[in-house]
Amino acid sequence: MYNGIMNVYKEAGFTSHDVVARLRGICKMKKIGHTGTLDPEAVGVLPVCFGSGTKLCDMLTDWDKEYTATLRLGVVTDTQDMTGQVLFQCAREELEALTGEQVRSAILRYQGDYDQIPPMYSALKVDGKKLYELARAGKEVERKPRKVQIREIEIREMKLPLVKMRVVCSKGTYIRTLCHDIGQDLGCGGAMETLVRSRVGIFRIEDALTLGDLERLRDDGKISNVIIPPDAVFENDRAVTVNEPGCKMVQNGNFLSLQHLTKQVSFADGEEVRVYDGTGRFYGIYAFREQAGQLKPVKMFLA
């Protein structure tokens, strides 16, 4: 039984659910969950949570993400990427008339807040049905714009009609839709040709492991070596240790008073801390409530 997070490299051709299914077989456990889907043809970082670490799934989904994407100008598809059916192609002479400066200006305008309409080919639900199920049935429904934020956008290479971009964005951002919208602004259409997710929060692509890597680690009995403990996610929060009476309180998920700590420290109102016992066992995240003078449980990780 493993408890924590694994930094998995999702390869092309696998859905995020495929990766979880394979990991259940590799690790011989059922309590596994991923932290945000990647399109089947996209590759890159997919943090996967195990055991008590699955309590992190919703938190990791909220983290900023970094991508490297290739935008192809001059084409519109029903999926907003090059796997879909082509709906429009720009005339060659119009596409060739585009200048690099026009394209650069259109792309950089997206840095900051952005009202994005989710694509029909997505896992979002409307009236209990996933949008991609409706799209495959030939139905299109109205989608409300959602505010997302493009924290950073950088043009890495431009060989029109292809543009390679690095994008750092908030949760819920569809890079396919960003490519589509840039193309619409330029009047020539656009679709995403490739996508690599290079970072999710603290998890980076250079540290990610393929399913093949993990099978070899399993065979060598070393899977536990690559499970990242849940408390690593909260490395920026201060750590506190509870005494014996406090240990009994945290085991039941109760509030803690300052007398339950081995060292008396002062906290800012709302400050979150990592709580451990004297053996170094991590119990969870607590937040200080100044008015009550207590630490309140926020997220418990008892295995």
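**View 1. Salt bridges across the model: 15 turn up in a search of the whole structure.** A salt bridge here is a side-chain nitrogen of Lys or Arg within 4 Å of a carboxyl oxygen of Asp or Glu. What you are looking at is a predicted model, where local features need pLDDT of at least 70, side-chain atom pairs count only at pLDDT 80 or more, and totals for chains, interfaces and linings use all residues. Residues are numbered from 1 along each chain as its sequence is written, and side-chain values use heavy atoms, with hydrogens and water left out. Side chains of opposite charge can pair when their charged atoms come close. One group here is a network of salt bridges that links E66, E152, E154, R156 and R166.

**View 2. R22 and E215 meet in a salt bridge, at 3.0 Å from N to O.** R22 sits in helix α1 (residues 16–27) and E215 in helix α7 (residues 211–219), so this pair ties together parts that are 193 residues apart in sequence. Helices (H or I, at least four residues) and strands (E, at least two) are DSSP runs, numbered from the N terminus. Are these two buried or exposed, or something in between? R22 is partly exposed at 33% relative accessibility, and E215 is partly exposed too, at 27%. For the cut-offs, buried means under 20% relative accessible area, exposed means over 50%, and partly exposed is in between (1.4 Å probe, protein chains only).

**View 3. Helix α7 also holds a salt bridge of its own, between R216 and D213.** Their closest N and O atoms are 2.7 Å apart. The two residues are 3 apart in helix α7, which is about one turn of the helix. D213 counts as partly exposed, with 24% relative accessibility.

**View 4. K159 pairs with E157 in a salt bridge.** The closest N and O atoms of K159 and E157 lie 3.4 Å apart. K159 is exposed at 59% relative accessibility, while E157 is partly exposed, with a relative accessible area of 36%.

**View 5. The largest pocket holds about 1100 Å³ of space.** Which residues come closest to its centre? Of the 35 lining residues, those are T37, L38, D39, A123 and Y174. Elements giving two or more residues to this lining are α1, β4 (65–73), α5 (131–136), α6 (175–186) and β12 (190–200). Sorted by class, the lining has 10 nonpolar, 14 polar and 11 charged residues. Ala, Val, Leu, Ile, Met, Phe, Trp, Tyr, Cys and Pro count as nonpolar, Asp, Glu, Lys and Arg as charged, and the others, Gly among them, as polar. A pocket is found on a 1 Å grid over the protein atoms alone, as an open set of points where a 1.4 Å probe fits, with protein on both sides within 12 Å along at least five of seven lines; lining residues have an atom within 4 Å of a point. Grid points are joined across faces, edges and corners, and the volume is the space filled by probe spheres set on the points.

**View 6. The second largest pocket holds about 350 Å³.** D78, Q80, M120, E140 and R143 are the closest to its centre, out of 21 lining residues. The elements that supply two or more of the lining residues are β5 (75–77), β7 (112–116) and α6. By class, this lining has 9 nonpolar, 6 polar and 6 charged residues.

**View 7. F267 and F288 form a tilted aromatic pair.** Their ring centres are 5.4 Å apart and the planes sit at 35 degrees. Rings of Phe, Tyr and Trp (its six-membered ring) pair if their centres lie within 6.5 Å; planes under 30 degrees apart count as stacked, over 60 as edge-to-face and the rest as tilted. F267 is in the loop between β15 (256–257) and β16 (272–276), and F288 is in strand β17 (residues 282–289), 21 residues apart. Both rings belong to buried residues: F267 has a relative accessible area of 12% and F288 has 7%.

**View 8. F282 and F301 form a stacked aromatic pair.** Here the rings are 5.6 Å centre to centre, with 25 degrees between the planes. F282 lies in strand β17 and F301 in the segment after β18 (294–300), so the pair ties together parts 19 residues apart in sequence. F282 is buried at 10% relative accessible area, and F301 is buried at 4%. Together with F234 and Y276, these two form one aromatic cluster.
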